[in-house]
Amino acid sequence: MIEVRTVTATQEPQRIRGLEMPWNRVMASTGGPAGAARALGPWHPQEFMAECVETVPEAGGMMTFVFRRSDGAPLAFRPGQYVNVAFPVNGENQEAVDRSYSLSSSPTQPWTFNITVKSDPTGLVSPWVHGNVRPGTVLEMLGPVGAFHLPDADRRARYLLLAAGAGITPIMSMVRTIHSLPGQADVVVLYHGAAAGDFAFHQELAYIASVDSRVKVFYSLGDRSQPEGWEGLTGRLTAAMLEEVAPDANGRQVYACGPEGYLNTATGLLEKVGVDDTSIHMEFFSGDRQTLLEYQAELALAVDIAEEIAEEIADSAEDYYESQPTAFGLYEPGYDAEGTLKATGLPLETADEDAPCPEAPDGGPDLRPDTGAPDASAFDTVGTGSLTLSFMRTGINVRIDPTEHILGVAQRAGVRIGANCKEGMCGSCKVVKLSGEVEMNHQGGIRAREIDAGKFLPCCSTARSDLVIDA
C-alpha cells in the first residue's frame with residue numbers, strides 16, 4: 001500500500017503594517033476616554049518609591065530584579081529607557097549612592113518593571129545589590145529617562161539590535177515589546193558574549209525567535225575559543241559578520257548597547273556597510289557621542305517634570321487625584337493630608353543598615369558639628385584661573401577657569417572625589433556646595449530635592465562664581 005501524506009503549507013500570520021506603541025494613538029486622541037489612559041503614556045517621569053517583588057538569576061553573573069511602584073501606579077516608559085535608583089549601600093541613615101540601570105521588561109506590562117544588574121566584584125553598588133535587594137526591599141527611583149528607545153510609531157519597523165555583555169538589557173526590553181505588539185516588523189538581534197553560558201535571557205530569546213517569525217537572534221563568542229557543540233558565530237564584530245546576519249543593514253534602524261570599545265567599533269563598521277548616521281542609535285555612558293546631548297536634554301526635562309508633579313501633589317493630593325478621569329481608580333494610590341499612601345501588600349522591608357561604610361578621606365580638616373569651620377583664606381592655593389574653589393575637607397584652594405569642569409580640576413589638585421561615569425549620570429561624584437553658583441548639565445544623576453539641599457555633580461558642572469565646597 002502506498003502511504004499518502006497531505007502536506008499543509010505553513011502560512012505566515014497576517015498583520016497590520018508597522019508597529020505602534022499602545023499609548024501612541026490614545027495620546028494623540030482628543031476624545032474623553034483617551035484621558036483615562038494618560039498615565040500609561042511615558043510622558044511623566046517621577047520620583048517614586050518602588051518595592052522589589054521578585055529576583056530572577058540570569059546567566060553571565062546577572063540578576064533581574066522585579067519591582068512595582070509603592071503607590072500602586074504603573075510605570076510607563078519607552079523600551080530602551082532606564083531608571084535612576086538610590087541604593088543605601090552605606091547604611092539606611094547614610095547618603096545613598098545613585099546608579100542608572102536600563103529597564104529590561106516591556107512597557108506593555110507596566111504594573112511591574114525589571115532592571116537587570118551584572119555583578120562586578122570590584123564595584124561598589126552591584127555586589128551590594130545582588131547581596132541585599134530582595135522581595136520586600138524598597139528603593140527610591142527617578143524615571144523613566146533616556147533618549148535611547150524605539151519610536152512610538154514606525155511604519156517600516158526594520159531593526160538591527162546589537163548587544164554586548166550587559167548591553168542586552170535595553171535590547172531585551174525592545175525585543176519583548178516588539179514580540180508583545182501586533183504589526184509587521186523585521187528584527188535581527190546580534191548578541192556578543194564572553195562564554196557560551198554567559199548569554200542572559202538566552203532561553204527566552206530562543207523561545208521568541210521560535211514562535212515569532214519577525215525576530216531572528218544570532219550569538220557570537222567574540223574572540224574566545226569555540227567550545228564543542230557551539231553552533232553560533234565566533235569572532236569580534238566585523239563588517240562581514242554584519243553582512244552575514246543582516247545583508248540589508250543599510251535599510252534598518254540600528255540600536256546598539258555595550259562597552260564603549262564595542263560601540264566605537266560598531267560605529268565604524270556600520271558606516272562601512274552603508275548605514276547612515278541618522279539610523280544609528282547607541283547607549284553608553286561615556287565618550288563624546290552626540291547621543292549624550294540627547295540624554296542631557298531629556299533627563300533635564302525628566303527632573304523638571306518630576307519636580308512639578310511632586311509640587312502639584314504636595315499642594316493638594318486629594319484635588320490632584322479627584323481631577324483625574326474615573327478610570328484612574330484602577331491604580332489610584334490612597335492619600336491623606338500628608339500625601340500619597342503606600343499600597344497594601346507584602347510587608348515592606350528596609351535595606352540592611354549594617355552594610356559597611358567607605359572610609360572617610362584622610363588628612364582634611366575636621367568638619368564635625370562640634371568643631372569650628374576652617375578658614376579658607378589660610379589654605380594653600382594652586383592652579384590658575386579667574387575663580388577660586390575652596391575645598392573645606394581637603395584644605396586647599398584651587399583656581400579654575402569658568403569653562404572647565406570642576407571634577408577634573410579638583411582631582412588634578414589632589415581633591416579626593418569619587419567618580420564613575422563622569423557624564424552626570426551615575427551620581428557617584430555628588431558633593432555639597434556650601435556657597436557660590438554653578439552651571440550643571442546632568443543626565444539624571446541627581447534629584448531636585450538634592451539640588452535644593454545644595455548638592456551638585458562636579459563632573460558636569462562649571463563654576464559661575466567663587467565656590468566653597470564640602471570636599
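Strands, here, are DSSP runs of E of at least two residues, numbered from the N terminus, and in this predicted model one of them, strand E7 (residues 138–145), holds proline 144. The peptide bond that leads from glycine 143 into proline 144 is cis, with omega near 0°. Most residues other than glycine have a negative phi, and most peptide bonds are trans. Against that background, two further backbone positions deserve mention. Alanine 157 has a phi near 50°, a positive value in a residue other than glycine, and is placed in the loop between strand E8 (153–154) and E9. A positive phi, near 65°, is likewise found at phenylalanine 201, again a residue other than glycine, whose place is in the loop between E10 and H4. Alanine 157 has a relative accessible area of 0% and is therefore buried, and phenylalanine 201, with a relative accessible area of 5%, is buried as well.

At the level of the whole protein, the model contains 10 helices and 23 strands. Of its 471 residues, 48% are buried, while the surface that the protein exposes amounts to about 23000 Å², of which carbon and sulfur atoms supply 49%. When contacts between residues at least 6 apart in sequence are considered, 68% of them join residues at least 24 apart.

In soluble globular proteins, nonpolar side chains tend to be buried together. The largest nonpolar core of the present model comprises 33 residues, and Tyr159, Leu161 and Ile171 are those with the most contacts inside it. Two or more residues of this core are given by each of strand E9 (158–164), helix H3 (168–180), E10, H4, E11 and strand E12 (253–257), and the largest share, six residues, comes from H3. The surroundings of isoleucine 171 can be listed in full: with residues up to four places away in sequence not counted, isoleucine 171 touches Phe148, Leu161, Leu162, Ala163, Val189, Tyr255 and Cys257.

Aromatic side chains form 10 pairs in the structure. In one of these, the rings of phenylalanine 67 and phenylalanine 113 have their centres 5.9 Å apart and their planes at 20°; planes under 30 degrees apart count as stacked, so this pair is assigned to the stacked class. Phenylalanine 67 belongs to strand E3 (residues 62–69) and phenylalanine 113 to strand E6 (residues 113–118), so the pair ties together parts that are 46 residues apart in sequence. Both phenylalanine 67 and phenylalanine 113 are buried. A second stacked pair is formed by phenylalanine 199 and tryptophan 230, whose ring centres lie 5.9 Å apart with the planes at 15°. Here the partners come from loops: phenylalanine 199 lies between strand E10 (186–192) and helix H4 (202–211), and tryptophan 230 lies between strand E11 (215–220) and helix H5 (239–245), so that parts 31 residues apart in sequence are tied together. Phenylalanine 199 is buried, at a relative accessible area of 2%, and tryptophan 230, at 17%, is also buried, because the cut-off for burial is a relative accessible area under 20%. Phe199 and Trp230 form one aromatic cluster together with Tyr191 and Tyr219. A ring also takes part in an arrangement with a charged group, in that the charged end of arginine 69 sits over the ring of phenylalanine 48, 4.6 Å from its centre.

Polar side chains were examined around threonine 116, a residue of strand E6 that is buried, with a relative accessible area of 5%. The side chain of threonine 116 makes a polar contact of 2.8 Å with the side chain of threonine 64, and a polar contact of 2.8 Å also joins the side chains of threonine 116 and serine 104. With neighbours within four places in sequence left aside, the residues in contact with threonine 116 are Glu58, Met62, Met63, Thr64, Tyr101, Ser102, Ser104, Thr169 and Phe201. Phe201, named in this list, is the residue for which a positive phi near 65° was noted above.

Glutamate 260, finally, is placed in helix H6 (residues 260–272) and has a relative accessibility of 33%, so that it counts as partly exposed. The C-alpha atoms of glutamate 260 and methionine 282 are 9.8 Å apart in space, while the two residues are 22 residues apart in sequence.

Definitions and conventions
Residues are numbered from 1 along each chain as its sequence is written. This is a predicted model: local features need pLDDT of at least 70, side-chain atom pairs count only at pLDDT 80 or more; totals for chains, interfaces and linings use all residues. Side-chain values use heavy atoms; hydrogens and water are left out. Rings of Phe, Tyr and Trp (its six-membered ring) pair if their centres lie within 6.5 Å; planes under 30 degrees apart count as stacked, over 60 as edge-to-face and the rest as tilted. Helices (H or I, at least four residues) and strands (E, at least two) are DSSP runs, numbered from the N terminus. Buried means under 20% relative accessible area, exposed over 50%, partly exposed in between (1.4 Å probe, protein chains only). A charge sits over a ring if NZ of Lys or CZ of Arg is within 6 Å of the ring centre and within 35 degrees of the ring normal. Contact means heavy atoms within 4.5 Å. Accessible areas come from the Shrake-Rupley method with a 1.4 Å probe; for residues, only the protein chains shown count as cover. A nonpolar core is a set of buried Ala, Val, Leu, Ile, Met, Phe, Trp, Tyr and Cys residues joined through side-chain atoms within 4.5 Å. A polar contact is a pair of N or O atoms within 3.5 Å; within protein, one must be able to donate a hydrogen and the other to accept it, and residues adjacent in sequence count only if both atoms are side-chain atoms.
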